[in-house]
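Student: I have the model open and want to go through the contacts between chains, then one sheet, then the odd backbone spots. Can we start with the terms?

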There are 4 protein chains.
Amino acid sequence: MIRFDCDYNQSAHPRILARLQEIAGEQHPGYGTDTRTEQARAYIRTAINAPEADVHFLVGGTQANAVLIGAVLRPHQGVISADTGHIATHETGAIEATGHKVLILPGTEGKLTAAQIQQAYDNHQNDPTHEHDVQPGMVYISHPTESGTVYTLAELEAISKVCRACHLPLMLDGARLGYGLAAHGTDVTLPDIARLCDMFYIGGTKVGALFGEAVVIQNPRYQPDFRYLIKRHGGLLAKGFLLGVQFECLFEDGLYFQLGRHGVGEAMYLRQGLLVAGLPLQYDTGTNQQFPRVPDALAERLAKDFAFARWEKPNEQESVIRLCTSWATQREEVDALIAALG
Amino acid sequence: MIRFDCDYNQSAHPRILARLQEIAGEQHPGYGTDTRTEQARAYIRTAINAPEADVHFLVGGTQANAVLIGAVLRPHQGVISADTGHIATHETGAIEATGHKVLILPGTEGKLTAAQIQQAYDNHQNDPTHEHDVQPGMVYISHPTESGTVYTLAELEAISKVCRACHLPLMLDGARLGYGLAAHGTDVTLPDIARLCDMFYIGGTKVGALFGEAVVIQNPRYQPDFRYLIKRHGGLLAKGFLLGVQFECLFEDGLYFQLGRHGVGEAMYLRQGLLVAGLPLQYDTGTNQQFPRVPDALAERLAKDFAFARWEKPNEQESVIRLCTSWATQREEVDALIAALG
Amino acid sequence: MIRFDCDYNQSAHPRILARLQEIAGEQHPGYGTDTRTEQARAYIRTAINAPEADVHFLVGGTQANAVLIGAVLRPHQGVISADTGHIATHETGAIEATGHKVLILPGTEGKLTAAQIQQAYDNHQNDPTHEHDVQPGMVYISHPTESGTVYTLAELEAISKVCRACHLPLMLDGARLGYGLAAHGTDVTLPDIARLCDMFYIGGTKVGALFGEAVVIQNPRYQPDFRYLIKRHGGLLAKGFLLGVQFECLFEDGLYFQLGRHGVGEAMYLRQGLLVAGLPLQYDTGTNQQFPRVPDALAERLAKDFAFARWEKPNEQESVIRLCTSWATQREEVDALIAALG
Amino acid sequence: MIRFDCDYNQSAHPRILARLQEIAGEQHPGYGTDTRTEQARAYIRTAINAPEADVHFLVGGTQANAVLIGAVLRPHQGVISADTGHIATHETGAIEATGHKVLILPGTEGKLTAAQIQQAYDNHQNDPTHEHDVQPGMVYISHPTESGTVYTLAELEAISKVCRACHLPLMLDGARLGYGLAAHGTDVTLPDIARLCDMFYIGGTKVGALFGEAVVIQNPRYQPDFRYLIKRHGGLLAKGFLLGVQFECLFEDGLYFQLGRHGVGEAMYLRQGLLVAGLPLQYDTGTNQQFPRVPDALAERLAKDFAFARWEKPNEQESVIRLCTSWATQREEVDALIAALG
């Protein structure tokens, strides 16, 4: 079985495993107050070109989403999200668990537009009985989205502008940010994201780390007391230095970006193979997730040797499947998959 | 600086680090559905002598407490805890975040008694306006407690009996369970705990793992859908196999118990040194936490070379400090500390 | 200004106001433990033909919805509702405030079908990653709906059957139940509702009372401790006897049904006037809410003398408005409105 | 049976009942947007001498507490309260239901001191691991307290000063404020309270209204969007004009103060009778609650003809009971009680 079902089925990049061995004898204070974590924070502030940003390391994405959104919203507010947003679909109600509604808007290949956000804001403001509705309090976007797409810089700038005009903090879920930054044809950089968002996170779990998401808070309004909120959610890792060490490895010399490029490179190679095999792609994605539409018979045959996710069922004879590459994907694995398409 | 401030300041036992290297090339499905995690579950079911128990692996203790307590209580119920219980003092309101009150009772060296629980239950039942009070819905105990003490088997059996008679599920926080099972003079075994509690967890973070708590649910009433609850709390680790691998290492041949004995052995050696130095012990503990009362001048001097926690301030001249040993403590570190007492 | 904007813009039926005067000197224990409230409970048990039902009196509908739904769902579960359901649209996130997601399905004129519920249940069950989604835990329907429509007995029976087969408790929001029971052409009776639902409430606020909703819990599983849940939500009225007295008035000799018939009678008279005036009706409703589509010029003209709600904007030239009659509507008010249509 | 068990066992002052009759034919828009409610707000702003204050009318005290505290606290914060505070003891966890811990301090006859609050604040600030504890976020006091006592102006001023210095908003629960303002020997006025607190409420339920608490928000920081928060909690009464009408009656010409004086007058008369009968008073209270310590035999005898609350059991032979007078207490009722003491 070769796994293309997700981008988190192998442990970690060899450098991280080696570093864990190297620091085995070190003693550190708990909860991320150690020097290695401080070093990792410094690397990230440099990478995002934002020396004043607060950087926290959390274990996973659902946790990061719940803590960030819970930190921003007042009780009567909700978070605007595309209907395909991870918080709207695959977190077992983690946002609602914090008392907040996810206000969904129909996404286009996973993305929202600035105009949609403005419209949602205006609709609420103009409703004479708006006190009976959940008030939009922030905007959540994913980059890459759950459909593998990325925003263009112009799109992100337009969204950011609307959000600031409407006083809606903008949060970007970067669980797969490494693959987004390396996306085929993208013009969005990490400093752009830091400049345009109020808060975001840089996913490690899916890009070479054992686990970990680097949460960046740019808006000073949401910086105070954030560690309390992490702890309250059970997200303050006792051995926080383990998160620091990993992000140190990923950001000390650009490994994170290199791993992103590797994953995307394999995905583009796979994409070419899919197209050659005549399989239409449901979403036009330049990142590590590919969504071919395949005959069910082919899907059944592939399932014997390859793991993948069944995404949609557009008709009786075909399925849209999701194939993920990652930092760990090897060329021969992709070749085997392409060979099996024939 | 030699650290005795906590039992989680080094990464992990060498076997775990080596195992992570060994499995680097393995591919696993996500979220703990892999075979290594299944193996770890089997080892634990054997160790606790409870083949029907459900076993889940969570990342940390606060998370485990919040998920378990949230799983048991109905909205109007609270959890009984000693006033020193971790959930009552050091979790930034994680239990209240799930909508529940912690109903504190005065502990004795961190422990509750069966009689106290019965009394609290009776007081509520007999109060004619009890609908205006939070209803006791379960009981939380720590073993070892936050004061380093352990329950005797007779005490645990009495508590369990009262809890069952009052329909109050009993939960045991075993964040330091390895040191409790190895406690000097204890007569409580892991199968005893599994037999007497409705749910508990076996702490890995403080006993040799990078991170991880093995949650055991004995009471079938709370077994269904528990994975939903973990996910909702953001606690379902994407690379769940990392938890499985670690507990596999700890339970495949008794390493967990051996690490507990090591930590307690060093603590008993330290304890002897403290007594020889004429320092009274605030709590009479046979586990890895020691609480000497030291003159403030000595505390200041020690603080230059040793990390420890300041626990209480009983009077103007003295402090109670907490010294933790662990699976990683080396004899020469303890010797250095003892030498510094003179 | 004559008000057709809602069905709660006048205080209470004269009998209720008179009864309040009569009992002015009476002393009662608090929180609904008085004899008048007990009498009201007895009247309602008789009216619904369910001697074993629990009956509680709450102040308002949003409160009743939040307490009932919070009482039923486990933390990882959500409540299925039509997209137009009051809990999904006009309660400022009151359900999410209890930690639960509203799982919306597209309604047809405000109604769900048994097949939709079955499908939603099956979709969840069959999803291999369902632990990452909110689990459907109960079903919420309104009768009449927010669009003024009512379920037929056959529809209700089909929904109830599916709900029981899927172990999804069925809750009916009867904020306007009086008008539903008197709906033109309905074959659903109060005992039918009590027989087919696990819980529901009989709205008083909109049907002659100053305020108050009679919550009926048929399913014994959700009966214990319900008063705790009311109190926890701040819904246990200190002078609970005020609720008892009002429902005593409404149910001692059928006043509730008579008021429902009056409101519907005036609505049917209004409906005839709307049709004669050539105004199409957006929803085909036999209850006290009528939804004509009117030219915007007419809407503006009417707004000078009549209060109504603007419901939808189907096109540039027209609006759907909502006109409510009630227990208090007088024929001359309706005549004035009809005259103004010309 | 003559009832001294609480101050909410009769419906409402005759003026309120009469006013309800008078307005029976009036039509009002919903949710407190009507002119009568606006008039009531104006009366209250005048009475508290705070023209910029926001005034909202809620149905009950537990609801008011939960909405106000939930409006102020960030997720990781808790509310400081005396251990006897209503929110700490008799609201079935309504505050915890909003996700917040009640941080109790030992009260003295129900009261907190400025020094205690300062100490609690300092303790938290100075704790090096304070991120692991709930952060104090506001202060809750009751006036009168649950023990019938009142703060002096000097005490209130000292508390207010500390709260402002520590950025802890101060909230005053005035469920019995009418009796506090009329308390024997008090020097605290309604404008004092408005000046010294960030928010408070003026209780109607216990002082002549059918129900209702007038919530006053002085601090502009907590004024925006408060109606959303009321609605989210299910506390926005559909027929909000019923609240407006009642507070109009109470504040149009000082009826509220007069009712408070009446209740206190009867309590002072009762108090004299208790002292003459040789019964010691547990708390020295100048308000409508009296707490005599009585032999159990006397308590049993009284219980045949009088309703009262059993408060404490200081020893085997005696009980502390609570006797409440109210706006509705008649002199002959008190005389009957005094006569029964002999």
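Tutor: A polar contact is a pair of N or O atoms within 3.5 Å; within protein, one must be able to donate a hydrogen and the other to accept it, and residues adjacent in sequence count only if both atoms are side-chain atoms. This is a predicted model, in which local features need pLDDT of at least 70 and side-chain atom pairs count only at pLDDT 80 or more, while totals for chains, interfaces and linings use all residues. Residues are numbered from 1 along each chain as its sequence is written, chains are lettered from A and ligands numbered from 1 in the order in which they are written, and side-chain values use heavy atoms, leaving out hydrogens and water.

Student: OK, chain A and chain B. How many residue pairs are in polar contact there?

Tutor: There are 22 such pairs between chain A and chain B, both residues at pLDDT 80 or more. In contact (heavy atoms within 4.5 Å) are 46 residues of chain A and 46 residues of chain B.

Student: What area is buried between them?

Tutor: About 3900 Å², with carbon and sulfur atoms giving 55%. Buried area is the accessible area (1.4 Å probe) that two parts lose on being put together, summed over both.

Student: And how many salt bridges across chain A and chain B?

Tutor: Zero by the rule, which asks for a side-chain nitrogen of Lys or Arg within 4 Å of a carboxyl oxygen of Asp or Glu.

Student: Which element of chain A gives the largest share of the side that touches chain B?

Tutor: H1(A), with four residues. Helices (H or I, at least four residues) and strands (E, at least two) are DSSP runs, numbered from the N terminus. Elements giving two or more residues to that side include helix H1 (14-22) and helix H10 (241-251) of chain A.

Student: Now chain C against chain B. How many salt bridges there?

Tutor: Two. In a salt bridge between these chains, the side chains of Arg227(C) and Glu131(B) meet at 2.8 Å, N to O. There are also 17 residue pairs in polar contact, both at pLDDT 80 or more.

Student: Which helix of chain C gives the most to that side?

Tutor: H9(C), with five residues. In total, 21 residues of chain C are in contact with 21 residues of chain B, and about 2100 Å² is buried between the two chains, 49% of it from carbon and sulfur atoms.

Student: Switching topic. What is the strand order in the chain D sheet?

Tutor: It is an open sheet of seven strands in the order S2-S8-S7-S6-S5-S3-S4, with mixed pairing. Two strands pair if DSSP finds at least two bridges between them. The edge strands, S2 (54-58) and S4 (102-105) of chain D, each pair on one side only.

Student: How do S6 and S7 of chain D run?

Tutor: Parallel, joined by two bridges. Leu172(D) has Phe200(D) in S7(D) as its bridge partner.

Student: Last topic, the backbone. Which peptide bond in chain B is cis?

Tutor: The one joining His143(B) and Pro144(B), with omega about -5 degrees. Pro144(B) is in the loop between strand S5 (135-142) and helix H7 (153-165) of chain B. In chain D, the peptide bond from His143(D) to Pro144(D) is cis, with omega near -5 degrees.

Student: What about the phi of Asp225(A)?

Tutor: Asp225(A) has a positive phi of about 65 degrees, although it is not a glycine. Most residues other than glycine have a negative phi, and most peptide bonds are trans. Asp225(A) sits in the loop between strand S8 (213-217) and H9 of chain A.
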